[in-house]
Amino acid sequence: MRNKSTLNLILTAALTGLIAISLSSCGKKDENSPGVEFMPDMYRSEALKYYYTHTVDGDTLQNAMLPVKGSVARGYMPYLYDNTSEGYEAAGLNLKNPLKAKSRETYEKEGEELYGKFCVHCHGASGGGDGKVAAKLPGPPPAYNGALKNLPEGKIFHTITYGKGSMGSHASQLTQEERWKLVYYVQKLQGPKDTVKVAAAPTTTLTEKKKI
Ligand code: HEC
């Protein structure tokens, strides 16, 4: 008999405990609250805010981390020539068109299409410097088959990349491949070159890699 009443007492206590827990876990204040939550970190891992810092092994790091110095995006080729007159000359002597996979005619056609979108309004359809916008510039662009007839491919690429005078840089609008396609087309507009003596290529002007 004694045992039975002890058992009853224990059961009643347990039941009261459970009721107390269930009542306290169903908070009335927030109807959407699930109540007692075990291991909340498993549900809600601590999020890092973008522009703050966090600490790992005593090192304070930016949450929005920059790529490791020297990283390059897949398929991206850094452009090695500076935006200086030395860089321009060196590009003219050393830089050659790497596009060889398709025929020259195919590249010229692709270049022509790009030319119609990005260049024709200044340089004109035949590259004579007589595009619609050219008249509004302080000085119209020289003709490809005139003053620019012997301009080497490296300089053409360099100028499309960085711009020159009142021509702006086209590096953000055109990939390197597209710029080289344009080089083929500009060369087509240049017509045959005069035969000129080419100086030896200097090797010292390559400097730090540029992201452009
Ligand atoms: C806003 C008008 C404008 C646009 C757009 C423009 N150019 Fe030019 N471009 C010029 C002017 C002006 C010059 C002459 C710059 C100088 O020598 O001061 C020039 C010069 C050049 C030269 C000669 C560079 C040299 O080394 O002397 C080339 C090649 C050239 N442009 C190609 C292009 C190509 C290709 C495009 C299209 C992707 C293009 N340009 C778009 C205005 C423009």
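This is a short walk through the structure, from its overall layout to its hairpin, core and ligand shell.

The model is predicted. The protein has 212 residues, and 17% of them count as buried. Its secondary structure comes to 7 helices and 2 strands. Read from the N terminus, the elements run α-α-β-β-α-α-α-α-α. Two helices therefore precede the strands, and the other helices follow them. Contacts can also be sorted by distance along the chain. Among those with a separation of 6 or more, 59% join residues 24 or more positions apart.

Start with the strands. Strand β1 covers residues 53-56, and strand β2 covers residues 59-62. They pair in the antiparallel sense over 4 bridges. One bridge links H54 to L61 in β2. Together, β1 and β2 form a hairpin, with 2 residues between them.

One residue of the turn deserves a closer look. D57 sits in the loop between β1 and β2. D57 has a positive phi of about 50°, although it is not a glycine. Most residues other than glycine have a negative phi. Is D57 buried or exposed? D57 is exposed, because 5 other C-beta atoms lie within 10 Å, and a residue with 12 or fewer counts as exposed.

Now step back to the stretch before the hairpin. Y51 lies in the loop between α2 (40-43) and β1. With 8 C-beta neighbours inside 10 Å, Y51 also counts as exposed. What does Y51 touch, once its neighbours within four places in sequence are left aside? Y51 is in contact with N63 and A64. A C-alpha distance adds to this picture. Y51 and Q62 are 11 residues apart in sequence, and their C-alpha atoms are 6.9 Å apart in space.

Next comes the core. In soluble globular proteins, nonpolar side chains tend to be buried together. Here the largest nonpolar core has 19 residues. Those with the most contacts inside it are F157, L182, V183, Y185 and V186. Which elements give two or more residues to this core? They are α3 (85-94), α4 (104-118), α6 (153-162) and α7 (176-190). The largest share, 7 residues, comes from α7.

So α7 is the helix to follow, because it gives the largest share of this core. The 15 residues of α7 should span 21 Å at 1.5 Å a residue. The end C-alpha atoms of α7 are 21 Å apart, which agrees. Many residues can be checked along its length. R179, W180, K181, L182, V183, Y184, Y185, V186, Q187 and L189 are buried in α7. What covers the buried residues of α7 includes α4 and α6. V183 gives a single-residue view. Leaving aside neighbours within four places in sequence, V183 is in contact with N97, E153, I156 and F157. Just after α7, G191 takes a positive phi of about 80°.

Helix α3 also contributes to the core. The buried residues of α3 are G87, A90, A91 and G92. What covers them includes α6.

Between α6 and α7 there is a loop, and S169 is found in it. S169 is partly exposed, with 15 other C-beta atoms within 10 Å. That count falls between the cut-offs, since exposed means 12 or fewer and buried means 20 or more. Not counting residues up to four places away in sequence, S169 touches T161, Y162 and G163. S169 and H158 are 11 residues apart along the chain, and their C-alpha atoms are separated by 9.4 Å.

The walk ends at the ligand. How many residues surround the ligand? The shell holds 20 residues, and the closest are C119, C122, P141, G165 and M167. The elements that give two or more residues to this shell are α5 (120-123), α6 and α7. Helix α6 gives the most, with 4 residues. By type, the shell divides into 13 nonpolar, 5 polar and 2 charged residues.

Two helices link the last parts of this walk. Both α6 and α7 give two or more residues to the core, and both also give two or more to the shell around the ligand. In the core, α7 has the largest share. In the shell, α6 gives the most.

Definitions and conventions. Residues are numbered from 1 along each chain as its sequence is written. This is a predicted model: local features need pLDDT of at least 70, side-chain atom pairs count only at pLDDT 80 or more; totals for chains, interfaces and linings use all residues. A nonpolar core is a set of buried Ala, Val, Leu, Ile, Met, Phe, Trp, Tyr and Cys residues joined through C-beta atoms within 7 Å. Two residues are in contact if their C-beta atoms, placed from the backbone, lie within 7 Å. A residue is near a molecule or strand if its C-beta atom, placed from the backbone, lies within 6 Å of it. Ala, Val, Leu, Ile, Met, Phe, Trp, Tyr, Cys and Pro count as nonpolar, Asp, Glu, Lys and Arg as charged, and the others, Gly among them, as polar. The expected span of a helix is 1.5 Å times one less than its number of residues. Two strands pair if DSSP finds at least two bridges between them.
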